[in-house]
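User: I would like to learn how to read sheets, helices and aromatic pairs in a model. Could you take me through one, giving the general idea before each case?

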Amino acid sequence: MNAYRLIEHTADAGIEVTAPDAQALFIEAARALCDLLATAKGPCDRMACEISVQGADWTDLMVNWLRELLYLFNGRDLLVRQITITRLDPRQIAARLACDRVDGRRHVVGHEIKAVTYHQARVAAGAEGWQARVILDL
């Protein structure tokens with residue numbers, strides 16, 4: 001069972017993510033984004049990288065986090081496959097990533113995502129865990 005679901009939005013796509021804690025929320029949001037971007041057809045070459053992203057609050061941090069992962073795909077041809085978060089607070093996330101070098105022979109590209117937007121973006125903690133909503137410009 002996926003911890004996220006796709007939502008309909010005019011000319012865009014959105015993701016809603018639920019998780020028991022903030023760390024799992026950021027990992028599931030990244031997984032949702034990467035699942036939309038591409039899927040692997042078989043074994044791929046993996047490379048490691050580390051990133052650190054800042055934000056003014058949880059919502060800003062989520063948007064910036066997903067924007068950085070989208071940049072890795074669009075700008076560096078890297079698809080994030082595994083994430084280990086090494087630091088997370090309302091203003092910063094740092095992570096070690098295992099990425100595939102995107103290769104047309106080994107990947108099926110999905111949606112062309114132009115941007116991660118602030119439109120209707122939200123991250124909130126509640127009695128039943130954490131929730132996030134992010135709209136993606138296609």
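Analyst: In this predicted model, strands β5 and β6 pair in the antiparallel sense over 10 bridges, and a hairpin joins β5 to β6 through 2 residues. One facing pair to look at is Ile 85, which stands opposite Ala 95 in β6.

User: What order do the strands of the sheet take, and which of them stand at the edges?

Analyst: The general idea is that strands of a sheet pair through backbone hydrogen bonds, either parallel or antiparallel. Here 3 strands form an open sheet in the order β4-β6-β5, with antiparallel pairing. Strands β4 (46–54) and β5 (78–89) stand at the edges, each with a single partner strand, so one side of each is left without a neighbour in the sheet. On average, and with direction ignored, neighbouring strands of this sheet are turned by 20° against each other.

User: Over how many bridges do β4 and β6 pair?

Analyst: The pairing of β4 with β6 (residues 92–101) is antiparallel and extends over 9 bridges, with Cys 49 standing opposite Leu 97 in β6. As for burial, 8 of the 10 residues of β6 are buried, so β6 is largely enclosed by the rest of the structure.

User: Which helices should I place against these strands, and at what angles do they run to β5?

Analyst: Helix α1 (residues 22–37) packs on the sheet and touches β5 and β6, its direction making about 165° with that of β5. Helix α2 (residues 58–76) lies across β4, β5 and β6, and runs at about 150° to β5.

User: How many residues does α2 have, and what span does it reach?

Analyst: Helix α2 has 19 residues and reaches 26 Å from its first C-alpha to its last, which is close to the 27 Å expected at 1.5 Å a residue. At its N-terminal end α2 is capped by Asp 57, a side-chain oxygen of which lies 3.2 Å from the backbone nitrogen of Thr 59. After α2 comes Asp 77, whose phi is positive, near 60°. The buried residues of α2 include Leu 61, Val 63, Asn 64, Trp 65, Leu 69 and Phe 73.

User: What does the side chain of Asn 64 make a polar contact with?

Analyst: Asn 64, found in helix α2, makes a polar contact through its side chain with the side chain of Tyr 118, at 3.3 Å. Not counting residues up to four places away in sequence, Asn 64 touches Val 53, Gln 54, Gly 55 and Tyr 118.

User: How many aromatic pairs does a search of the whole structure find, and why is the pair of Trp 58 and Trp 130 assigned its geometry?

Analyst: As a general matter, a pair of aromatic rings is described by the distance of the centres and the angle of the planes. The search of the whole structure finds 3 aromatic pairs. In the pair of Trp 58 and Trp 130, the ring centres are 5.0 Å apart and the planes stand at 75°, so the pair is edge-to-face, since planes over 60 degrees apart are classed in that way. This pair links distant parts of the chain, with Trp 58 in helix α2 and Trp 130 in strand β10 (residues 129–137), 72 residues apart.

User: Are these two rings' residues buried or partly exposed, and which aromatic cluster do they belong to?

Analyst: Trp 58 is partly exposed, with a relative accessible area of 21%, whereas Trp 130 is buried, at 16%; the cut-off for buried is under 20%. Both belong to one aromatic cluster, formed by Phe 26, Trp 58, Trp 65 and Trp 130.

Methods
Residues are numbered from 1 along each chain as its sequence is written. This is a predicted model: local features need pLDDT of at least 70, side-chain atom pairs count only at pLDDT 80 or more; totals for chains, interfaces and linings use all residues. Side-chain values use heavy atoms; hydrogens and water are left out. Two strands pair if DSSP finds at least two bridges between them. Helices (H or I, at least four residues) and strands (E, at least two) are DSSP runs, numbered from the N terminus. Axes are lines fitted to C-alpha atoms, for helices over the stretch in contact, and angles run from 0 to 180 degrees between N-to-C directions. Contact means heavy atoms within 4.5 Å. Rings of Phe, Tyr and Trp (its six-membered ring) pair if their centres lie within 6.5 Å; planes under 30 degrees apart count as stacked, over 60 as edge-to-face and the rest as tilted. Buried means under 20% relative accessible area, exposed over 50%, partly exposed in between (1.4 Å probe, protein chains only). The expected span of a helix is 1.5 Å times one less than its number of residues. A polar contact is a pair of N or O atoms within 3.5 Å; within protein, one must be able to donate a hydrogen and the other to accept it, and residues adjacent in sequence count only if both atoms are side-chain atoms.
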